[in-house]
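Me: I am new to this structure and would like a close look at one part of it. Please start with a pair of helices and work outwards from there.

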Amino acid sequence: MPCSEAALESYSPNSEWVSTFLRNCRSLVDLPKLLSSSPSLHSPIPVSLFFYQETMEVVAEALLSASIEALFSKLGSSDVLKFARQDHVRAELKKWETKLSDIREVLNDAEEKQITEQSVKAWLGELRDLAYDMEDVLEEYGYEALRRKVMSEADRGTTRTSKVRNVKMGSKIKDITRRLEEISAQKAGLGLKCLDKVEMIAWSSLERRPVTTSEVYLPRIKGRDADKKTIIEMLLKDEPAGTNVSVVSIVAMGGMGKTALARLVYDDTAEPIASHFAIKAWVCVSKEFDKVRVTEGLLESATSEPSKLKDFHAIQRKFKEALAGKRFLIVLDDLWSDIYSKWDDLRSPFFEGAPGSKILVTTRDHEVAKWVGGHKNLYELKQLSKDDCRSVFQMHAFEHTNINEHPNLKSIGWSIVTKCGGLPLAASALGGLLRSELRECFAYCAIFPQDSEFKKEELISLWRAEGLIQQSNDDRREENVGDKYFRDLLSMSFFQSSNISESLFTMHDLVNDLAKYVAGETCIHLDEEFKNNWQRPIPKSTRHSSFIRGHFDIFKMFERLHKKEHLRTFIAVPTQKVDNRFISNKVLQELIPRLRYLRVLCLSGYTIVEIPKEFGDLKLLRYLNLSRTLIRCLPVSIGNLYNLQTLILSDCKFLTKLPTSIGNLINLRCLDVSDIV
């Protein structure tokens with residue numbers, strides 16, 4: 001590392017170089033580019049920035065441990081063993097178990113060494129890809145078991161098809177055995193060793209503890225009482241005569257807790273602030289400023305009613321009426337430099353308020369605070385003290401565990417705390433990611449673009465479809481586990497409640513970056529760097545894809561997925577505006593049927609009239625969302641989706657009937673046909 005330890009320890013957030021660095025660094029993804037292009041890396045830099053990379057690499061590869069354990073579970077299932085005997089591949093699967101057992105013994109050592117040894121990192125990447133392919137093959141056996149369960153007696157034609165399929169399956173299994181033997185042989189040359197028993201017991205005791213949450217989520221914020229008191233005093237302060245509204249700004253780098261502090265103040269029910277403002281409104285502005293969305297969000301927050309207006313001037317006029325003659329508190333959360341050219345349009349209604357009205361702004365940029373008039377009442381939020389940072393980390397990492405019983409873990413934990421740089425988000429996020437049962441669920445959230453919103457039930461259904469929730473014959477138990485995972489991630493600040501609706505949630509942009517870093521190339525957004533570069537290839541390891549629906553989504557946009565038949569996720573992310581969206585028939589008829597290993601398929605909101613019968617060949621599909629499409633019926637072949645758990649047909653206004661074959665969907669748990677008529 002080019003910086004000396006002394007320089008790191010002397011880090012000062014007021015240094016000019018660091019201020020410029022942090023202002024330009026909008027996300028974790030920017031770090032390598034900024035670090036490499038900086039004219040001087042001898043200036044003090046917060047340790048947490050360097051620590052993110054090495055910690056996230058450990059967490060990212062730690063996901064592999066969970067995948068290996070899932071494979072052992074599937075290899076031991078009665079369905080797999082039954083068909084293994086029939087297909088004469090029992091010996092091959094036994095080799096899988098043996099080789100995986102050998103690999104599991106050195107996995108912990110590999111996950112540590114991959115930080116500094118590129119060869120180990122590459123080895124883990126190959127192992128991860130192989131684990132995905134092994135799971136696909138085993139789940140194909142599971143599908144065959146379901147098929148035979150539904151068809152009490154296969155006819156002759158089906159039998160012939162099964163023989164052909166089983167020949168192909170045998171070929172796949174032998175190919176995987178070859179790859180597994182190669183990977184297993186490579187580990188000897190990497191110098192990997194088994195973790196000793198003391199270390200294994202220490203880590204397993206941490207990872208096995210129960211996940212518990214309260215029914216009502218209460219933010220657990222440490223060390224911000226004095227900050228809260230100061231902000232309240234600034235909001236209650238009288239301004240010069242003739243000034244109806246003034247701006248108070250909270251400025252700090254990302255992850256410092258600006259939004260959490262603003263929420264503490266906004267939600268305070270104690271006097272004198274509780275009765276000081278007649279009306280309150282909150283909106284998250286974010287990077288891409290949309291004055292229509294922001295004004296509409298403020299109107300809905302202020303009136304607690306949904307807005308049906310579409311025209312910006314009509315929305316603004318209604319908002320003016322709501323504020324007229326009233327002392328208000330408006331929070332503009334997460335303001336960026338995009339506000340410069342649009343501030344005058346946005347602030348027009350604010351002048352209608354009564355004297356004493358306040359606008360509370362959170363931003364990373366002093367220049368933004370100055371532009372909106374918040375430089376006179378500016379509060380620069382500082383890092384947490386080491387003790388408060390330790391409290392946050394311990395709360396999230398070692399809850400329900402007596403850390404004093406495990407001195408090695410305690411030492412590791414406190415070492416992490418010193419590297420969090422006083423950032424509460426870093427302390428809570430890194431602490432929470434030590435909990436193994438949550439890692440995969442959190443990484444999967446990388447499918448959501450920044451600032452997108454999602455429902456709890458929707459995300460839990462996706463987790464379940466992807467096999468990220470412990471499987472059980474008891475549906476209610478499985479749903480309860482998913483609910484616990486969600487609430488635990490919420491309590492650890494990975495998720496935040498939306499300001500638009502209590503049923504919606506979102507992720508802080510740095511947390512979203514963390515999810516992407518942890519997921520790595522297994523998850524991509526076609527809207528980001530891939531959208532404007534159609535020649536850029538999709539990484540070999542990609543298994544999950546998402547994209548924001550466009551007005552006209554042509555085949556060219558998705559052509560690179562044509563050879564990615566092992567893709568598991570294809571999600572069209574909803575947009576805020578409800579209007580006509582079109583997708584090429586070629587995508588429906590040629591691309592999607594090739595993605596035979598899909599678990600999740602969402603085409604919600606497209607003007608789709610007919611679903612191809614080939615969709616019935618997606619035999620591993622567990623989640624299908626066709627809501628708000630124009631379909632009139634479903635193909636009979638939909639009854640072949642024996643693994644399907646969730647079928648969403650809500651708001652399909654032209655849907656007139658369902659095929660009788662839907663009775664074959666023996667794993668269906670949720671059929672949503674709401675708002676059809």
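Me: Is the crossing of helix 12 and helix 13 left-handed or right-handed?

Reply: The crossing of helix 12 and helix 13 is left-handed. The label means that the near helix is turned anticlockwise from the far one by less than a right angle; a clockwise turn would be right-handed. Some ground rules come next. This is a predicted model, in which local features need pLDDT of at least 70 and side-chain atom pairs count only at pLDDT 80 or more, while totals for chains, interfaces and linings use all residues. Residues are numbered from 1 along each chain as its sequence is written, and side-chain values use heavy atoms, with hydrogens and water left out. Helices (H or I, at least four residues) and strands (E, at least two) are DSSP runs, numbered from the N terminus.

Now the pair itself. Two packed helices are described by the angle between their axes and the distance between the axes. Helix 12 spans residues 291-303 and helix 13 spans residues 312-323. Their axes come within 9 Å and cross at roughly 35°. Axes are lines fitted to C-alpha atoms, for helices over the stretch in contact, and angles run from 0 to 180 degrees between N-to-C directions. Helix 12 brings K291, V292, T295, E296, L298, L299, A302 and T303 to the meeting. Helix 13 answers with F312, I315, Q316, K318, F319 and A322. Contact here means heavy atoms within 4.5 Å. By class, these residues are 8 nonpolar, 3 polar and 3 charged. Ala, Val, Leu, Ile, Met, Phe, Trp, Tyr, Cys and Pro count as nonpolar, Asp, Glu, Lys and Arg as charged, and the others, Gly among them, as polar.

Next, the sheet beside helix 12. It is an open sheet of 5 strands in the order 2-3-4-1-5, with parallel pairing. Two strands pair if DSSP finds at least two bridges between them. Strand 2 and strand 5 (378-380) are the edge strands, each pairing on one side only. Neighbouring strands of this sheet are turned by 15° against each other on average, direction ignored. Helix 12 packs on the sheet and touches strand 2 and strand 3 (328-335). The direction of helix 12 makes about 145° with that of strand 2. Elsewhere in the sheet, 7 bridges join strand 1 (residues 245-251) to strand 4 (residues 357-363). There, V248 has L360 as its bridge partner.

A second helix pair gives a contrast. Helix 10 (residues 225-236) and helix 11 (residues 258-266) have axes that come within 10 Å and cross at roughly 60°. Helix 10 and helix 11 are therefore oblique to each other (under 35 degrees is roughly parallel, over 145 roughly antiparallel, 65 to 115 roughly perpendicular, the rest oblique). This crossing is right-handed. D227, K228, I231, I232 and L235 in helix 10 meet L261, L264 and V265 in helix 11. That contact has 6 nonpolar, no polar and 2 charged residues.

Follow the chain past helix 11. P272 sits in the loop between helix 11 and strand 2 (279-284). A cis peptide bond joins E271 and P272, with omega about 10°.

Last, confidence. pLDDT is the predictor's confidence in each residue, from 0 to 100. The chain averages 78, and 76% of the residues score at least 70. Over residues 197-219 the pLDDT is below 50; beyond near neighbours in sequence, this stretch has 38 contacts in the model.
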